[in-house]
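Before a model is used for further work, it helps to settle how its features should be read. The dialogue below takes a learner through some of them, one at a time.

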Amino acid sequence: MKFFHKILIYGFGNPGRQDDGLGNAFVERMEQWVKEQGLEGFEFDSNYQLNIEDATEISDKDLVIFADASVEDIEDFVLTQVDADTKVAFTTHAATPGYIVQLCQDIYKRIPPTYLLHIKGYEWAFREGLTEKAMENLQKAVEMMKIKLQNPEELIGNFKNFEYKEVY
Amino acid sequence: MSKKITIEPVTRVEGHGKVTIHIDDEGNIQQSRLHIVEFRGFERFVQGRPYWEAPVLVQRLCGICPVSHHLAAAKALDVIVGAGTGDGLTPTGEKMRRLMHYGQMFQSHALHFFHLVSPDLLFGVDGDPAVRNIIGVAKKFPDLAVQGVMMRKFGQEIIKATAGKKIHGTGAIPGGINKHLTQEEKDSFLNGPDPMNIDKMISWSQDALAFLKGYHKENKDFIDGFAAFPSSHLSLVRKDGALDLYHGVLRAIDSEGNKILHDVDYQDYLEYIGEEVRNWSYMKFPYLTEFGKEKGWYRVGPLARLNTCDFIPSPLAQKEFEEFRAYTNGKPNHMSMHYHWARLIEVLHCAEMMKELLNDPDLMEGELVTKGEKRSEGVGLIEAPRGTLFHHYAINEHDQLTMANLIVSTTNNNEPMNVAVNHAAKQFMQGQQKITEGMMNAVEVAIRAYDPCLSCATHAMGRMPLEIVLVDNNNKIIDKKRR
């Protein structure tokens, strides 16, 4: 039987707010690539923001990649490991990936290997469409993640909380 | 020398808020204000866009309640395309929209109760902030946390099935809806494996109510006395007086229960409702024009809805409603913390209504859209989770939007939230010179009862700290605390 991992790629943000849609655009690009490549085991999701039910969605995955627009002082994009976070979230708008991971741990007693892809954005007005620079950053992030996800074991194996479970 | 204490931002409400509490040298509360920085550019942004885009465009306002804006806009455009003033859709069109709306209400109320409110009840208003959150609930009461997560998920799945997708749903269009419910979707919601089926949702809704009522029994002084004050109440009601979250006529009652707005057509809302601007807040203060700015303010939302309606048209929720009304001997209920009780009765009502609709064959077949003679202006109202939501649009001969006026639910509750903050401050902070975590949270609990969405479409750029700033008359910072 062919072996594959259960991988969730989940973008969040509001595509009606310019570069806030970077996470959603990343998901669309990756979904198209996975389809073209005929890869198996991938699931895709997008929403305005993360929320408590996402703890259920990530609970049975072997690898989770969250993607979000970023205002951090970064060049174009970065991929970081998500650690469980017990701190109070300010609002449900801002349920962080760490918050979701912590909730998953508390409810389902499991932390899937989870990463956050931060893609640098610049403009946030009431308009559809990414800015030119954000598009460039998105393209770079997509190219990097295509390489990473052709061999997901590296991301899975490097995750410190990972308890390996084979999926057939 | 008088002092000003600033609590910013308010934690666990949607968007950003700041509370300032002015105290004198003896620690007496002089005045309390909830300041809102609300983005008001949206109404100008939509001008010039084709009118049929509005139900999708308005979802840019908020990632928490996009369905409410989607449906209110669609209702306004029903009027413009000649599909009647809210009750002229095909049975399929109206019922699919109602299912979408009940799903939205159900998930929003469940999220509010389990995610934002239950930590306060389980760990106490003055409990350790490090555990007084849903993570704390998940550790100590895992079954309750699972219920919250799965109820929210169920409502989200209903939205997805009716609106088409989670982001920028397109289900409601001017004059109707663009899809039927499939057999597979229907079977999944009615008979899905536990817990993802409607019977479990009804059962859990009853459990949540039982939990709250049990807490109320043990904490009557707090639940009944905290931020309680008389006011008028406003909401839509069905023409026969029933609770109706999707459509109806506008009714308001005074603090004694007398009708002061007599079931009027909301197309004429400008005849009855004005909005006052105050220089210390971007958010306006709506009021009933007949009673003026001072006395015309009112509450909206679950508490108001259960005060204005005569009955609830679903059996289990009606039974709970009778108990709710009996608690105040049939008089209006003015207790802010009873918003939670009312909200959970609405959760049960929504679950019952979803079950009824899921068994209705009209959802799976029948005409989706109706249209008639075009008009140049339309108003759409809906009872959103947080209260009455107004959308008003006008178009030109080129089908472009020329005017948009929105009164969002939280704006309607602006004055009551300010009054509630003042009550909480006087109750918990009178005579105090030091601000504890418990005192800060007491103010926030008062605001949270109204479940405000303070800044629709705020771009969340990460976690915001809670900050308290003590300022003197000269705006000099005396003390600052952050958590």
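**Reading folds, cores and charged pairs**

A: Among contacts in chain A between residues at least 6 apart in sequence, 79% join residues at least 24 apart, and it should be kept in mind throughout that this is a predicted model.

Q: How many helices and strands does chain A have, and in what pattern do they follow along the sequence?

A: Chain A has five helices and five strands, and reading along its sequence gives the pattern β-α-β-α-β-β-α-β-α-α. Chain B, taken in the same way, has 16 helices and 16 strands.

Q: What share of the contacts in chain B joins residues at least 24 apart, when contacts between residues at least 6 apart in sequence are considered?

A: For chain B the share is 70%, while the corresponding figure for chain A is 79%.

Q: Which percentages of the two chains count as buried, and what do carbon and sulfur atoms supply of the surface that each chain exposes?

A: A residue is called buried when its relative accessible area is under 20%. By that criterion 62% of the 168 residues of chain A are buried, and 65% of the 483 residues of chain B are buried. Chain A exposes about 7,100 Å², with 47% of it supplied by carbon and sulfur atoms, whereas chain B has an accessible surface of about 17,100 Å², of which 49% belongs to carbon and sulfur atoms.

Q: How should a nonpolar core be read, and which residues have the most contacts inside the largest one?

A: In soluble globular proteins, nonpolar side chains tend to be buried together. In this model the largest nonpolar core has 174 residues, and those with the most contacts inside it are A:Phe26, A:Leu149 and B:Tyr393. Helix H4 of chain B, residues 91-123, contributes the largest share of this core, with 14 residues. The core also draws at least three residues from each of domain 1 (3-38 + 415-482) and domain 2 (42-175 + 185-412) of chain B. Apart from it lies another core, of 17 residues, which includes B:Leu236, B:Ile260, B:Tyr298 and B:Val379.

Q: Which residues does A:Leu149 touch, if those up to four places away in sequence are not counted?

A: A:Leu149 touches A:Ile7, A:Ile9, A:Met30, A:Trp33, A:Phe42, A:Leu63 and A:Leu155.

Q: Where is B:Met196 found, and is it buried or exposed?

A: B:Met196 is found in the loop between helix H7 (183-191) and helix H8 (198-218) of chain B. Because its relative accessibility is 19%, B:Met196 counts as buried. Leaving aside neighbours within four places in sequence, its contacts include B:Met150, B:Lys153, B:Phe154 and B:Glu157. The C-alpha atoms of B:Met196 and B:Glu157 are separated by 9.7 Å, the two residues being 39 residues apart along the chain.

Q: How many salt bridges does the structure hold, and which side chain does B:Arg305 meet in one of them?

A: Side chains of opposite charge can pair when their charged atoms come close. Over all chains the structure holds 27 salt bridges, and in one of them the side chains of B:Arg305 and B:Glu383 meet at 2.8 Å, N to O. B:Arg305 lies in helix H11 (residues 302-308) of chain B and B:Glu383 in strand E12 (residues 377-384) of chain B, so the pair ties together parts that are 78 residues apart in sequence. Both B:Arg305 and B:Glu383 are buried.

Q: Is B:Arg238, which forms a salt bridge with B:Asp240, buried or partly exposed?

A: In that salt bridge the closest N and O atoms are 2.8 Å apart. B:Arg238 is partly exposed, with a relative accessible area of 31%, and B:Asp240 is partly exposed at 42%. In chain A, a network of salt bridges links A:Lys6, A:Glu43, A:Asp60 and A:Lys61.

Q: Which side chain of opposite charge is nearest to B:Arg343, a buried residue with no salt bridge?

A: The nearest one is that of B:Asp451, 4.4 Å away, and a salt bridge is counted within 4 Å. B:Arg343 lies in helix H13 (residues 338-358) of chain B, and, leaving aside neighbours within four places in sequence, its contacts include B:His109, B:His112, B:Pro302 and B:Asp451.

Technical notes
Residues are numbered from 1 along each chain as its sequence is written. Chains are lettered from A and ligands numbered from 1 in the order in which they are written. This is a predicted model: local features need pLDDT of at least 70, side-chain atom pairs count only at pLDDT 80 or more; totals for chains, interfaces and linings use all residues. Side-chain values use heavy atoms; hydrogens and water are left out. Helices (H or I, at least four residues) and strands (E, at least two) are DSSP runs, numbered from the N terminus. Buried means under 20% relative accessible area, exposed over 50%, partly exposed in between (1.4 Å probe, protein chains only). Contact means heavy atoms within 4.5 Å. Accessible areas come from the Shrake-Rupley method with a 1.4 Å probe; for residues, only the protein chains shown count as cover. A nonpolar core is a set of buried Ala, Val, Leu, Ile, Met, Phe, Trp, Tyr and Cys residues joined through side-chain atoms within 4.5 Å. Domain bounds come from an automatic or database domain assignment. Lys and Arg count as positive and Asp and Glu as negative; His and the chain ends are not counted.
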